[in-house]
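Visitor: Hey, could you walk me through this one? I'd like to start with the strands and then look for empty space.

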Amino acid sequence: MPIATLVRAELAYGHVPLLDRVDFAVEAGERIALIGRNGAGKSSLLAVLAGARLLDDGAVRITPGARVGVVEQEPRFAAHATVLDAVAASLGQEGALLQEYEEAARRLDDTDGAAVRLAELETRIEKAGAWDARRRLMAVIERLGLDPARLVAQCSGGEQKRVALARALACEPDLLLLDEPTNHLDIDGIGWLEEWALGYRGALLMVTHDRAFLDRVATRIAELDRGRLLSFPGSYAAYQERKAAQIDVERVVNAKFDRFLAQEEVWIRKGIEARRTRNEGRVRRLEALRRERARRQERQGRVAMAIDDSQRSGQLVAEFTAVSKAFAGPPIVQDLDLTLMRGDKLAIIGPNGAGKSTLIRLMLGELAPDSGSVRRGTRQEVAYFDQFRTALDDEATLVDAISPGSESVETAAGRRHVIGYLGDFLFPPERALAKVGALSGGERNRLLLARLFARPANLLVLDEPTNDLDIDTLELLESLLQQFNGTVVLVSHDRRFIDNVATQVLVAEGGGRWTENPGGHADWEAVLKRRASARAEHSGAAADAPRASPRDARRGRDAAPRKLSFREARELEELPGRISAIEAEQAGLNARLADPDIYTRAPNEVGPARERIEAIEGELMALLERWEALEQRREAVATKTL
């Protein structure tokens, strides 16, 4: 039996239909991904199912006794609320009692009457049976790895998402609605959310544009398209295949319909003699065809983007030499060496707070390093996409945001009227004078991209450009960046986007250490797996080594460490040189793979180079372990001699 059902649902925003006689059902245990263009009505559909918005017509039915939980796109919490307060707020009267109790417990030593108040609240909670609710709250908070006493305002964006999730789970929902759950989460947070969603026993309906997340979690794709809600069973990859076939069929059917309508229009416009003998039934059919054609909405156009990169930068874009940076705490960057060349597409990956934005500011010269040096190249035209959208003035109109004081804008295709240029980014003429503050998150990102691409640039710095963008726009932006001849520095937590754009990644490994690796996020995951495998093999070899008896152990403690043989001493002397040589080979191969020209000039060299890099990592680890073992023996002999 379905948990939630829509029956002939109709909903419109002005003259735009969001739901057009939609039938839809959510079954128990399903994980449905709701996708569609920005502004298609996905959040409105969630609001209808949550009971926060009424339909214009039709019905929404929730199974009696079923509970629905919601995690908003931008969760809001009371000022000065702790994590426990925020989660308890979802439980109504029981939650209010528990909040009062926690507040009284915090003030127990402040006033003389606090103990009396606490006892009174304990009695009321006992009568209401709310202790079970408190245990349930604490279990949810603990499962999500949160501190119940911490102020929500002090939590990171990812932690606040977990607080919102805990608040929704506290009522034990049978259907959980998630609106853009991956926004503001780093890659580790998204991975955690994937594992959690796969283990969730209730039904999930999620609005998300993270394609890797969709492929991993979704059991069904529901696409909201021009007021229609279409379902595709399976993963996002399966949806793409079926959707392409459906578009082809729709194009053929519409073409046949239009040809038939054109024939009927010719017939109805014949001369007077034909009109006297025309069939009245045929006339009525023509009127019905006209109405059907009027109801049929054309497929919405795609964003049209182009970057003017006619001015080439110098070959060197940026060079970091032993750069370190800290802000009254642990180092954010420690002894970083990095060379960025023209045409590179570098993705910076790391958890929230790792220092990705700091790296960008160092690269752009907005920050000075504490030590080391940053050398910038010449002839750079920088276009900077700010994740906080500070470049947009909420009180400005869309026209002023793109071209203040002018009716035209210079683009890669030449001079354009600003209203026509906005139309390329799916802003209709009637919205050109609307205020920026009235735009949705996805529309604001589209406007920022329009502003960004209205200027010539050969260095694109994109800080979280994928948040709130629909999948069609994401894929078009990917294609544009792939074809861009300039340099791209990208900060993103969208793994598929990184894999499709980046030629190399710079990854935070903690303690201010950053590692550069060729390829995208999938290539970095392969490196991590090889490291884990090597550690496991090393641990297994140590565990399998024969254990000495207690007598042998005592002999070992009393006996002097074995002196290095002549061959071992010579090997120890040669090892640093061998390690340096293999590291130089590794750096050279990484530099070759980081050069985008190799993928077009000599694609047959890419595979062998990657295989050699993988082999080098194993050889390097073996040499380092051998060097460490010999060096420890040499030092032990010297210490024993003293």
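Visitor: Which residue in strand 7 is the bridge partner of L178?

Guide: That's M206. Keep in mind that this is a predicted model.

Visitor: And how do strand 6 and strand 7 pair, parallel or antiparallel?

Guide: Parallel. Strand 6 covers residues 175–179, strand 7 covers residues 203–207, and 5 bridges link the two.

Visitor: What sheet do they sit in, and in what order do the strands come?

Guide: It's an open sheet made of 6 strands, in the order 5-6-7-3-8-9. The pairing in that sheet is mixed.

Visitor: Which strands are at the edges?

Guide: Strand 5 (68–71) and strand 9 (228–233). Each has a single partner strand, so one side of each has no neighbour in the sheet.

Visitor: How much does the sheet twist from one strand to the next?

Guide: The average is 20°.

Visitor: OK, new topic. How many cavities of 30 Å³ or more are in here?

Guide: Just 1. Its volume is about 70 Å³.

Visitor: How would anyone find empty space like that?

Guide: You roll a probe the size of a water molecule over the atoms, and that shows where empty space is left.

Visitor: Which residues line the largest cavity?

Guide: V71, K161, R162, L165, L178, P181, L185, W192 and L193. You've met L178 already: that's the residue partnered with M206.

Visitor: What's the mix by class in that lining?

Guide: There are 7 nonpolar residues, 2 charged ones and no polar ones.

Visitor: Which helices supply at least two residues each?

Guide: Helix 6 (157–169) and helix 7 (187–199). The largest share, 3 residues, comes from helix 6.

Visitor: Back to strands, then. How do strand 10 and strand 11 run?

Guide: They're antiparallel, with 7 bridges joining them. Strand 10 is residues 316–326 and strand 11 is residues 331–341. One of the pairs across them is E319 with T339.

Visitor: What do those two strands form together?

Guide: A hairpin, with 4 residues between the strands. A328 sits in the turn and has a positive phi of about 50°.

Visitor: What about strand 10 and strand 13, which sense do they pair in?

Guide: Antiparallel, over 5 bridges, with strand 13 at residues 371–376.

Visitor: Which residue in strand 13 does T321 stand opposite?

Guide: S373.

Methods
Residues are numbered from 1 along each chain as its sequence is written. This is a predicted model: local features need pLDDT of at least 70, side-chain atom pairs count only at pLDDT 80 or more; totals for chains, interfaces and linings use all residues. Side-chain values use heavy atoms; hydrogens and water are left out. On a 1 Å grid over the protein atoms alone, a cavity is a set of points where a 1.4 Å probe fits but cannot get out, and a pocket is an open set with protein on both sides within 12 Å along at least five of seven lines; lining residues have an atom within 4 Å of a point. Grid points are joined across faces, edges and corners, and a volume is the space filled by probe spheres set on the points. Ala, Val, Leu, Ile, Met, Phe, Trp, Tyr, Cys and Pro count as nonpolar, Asp, Glu, Lys and Arg as charged, and the others, Gly among them, as polar. Two strands pair if DSSP finds at least two bridges between them. Axes are lines fitted to C-alpha atoms, for helices over the stretch in contact, and angles run from 0 to 180 degrees between N-to-C directions.
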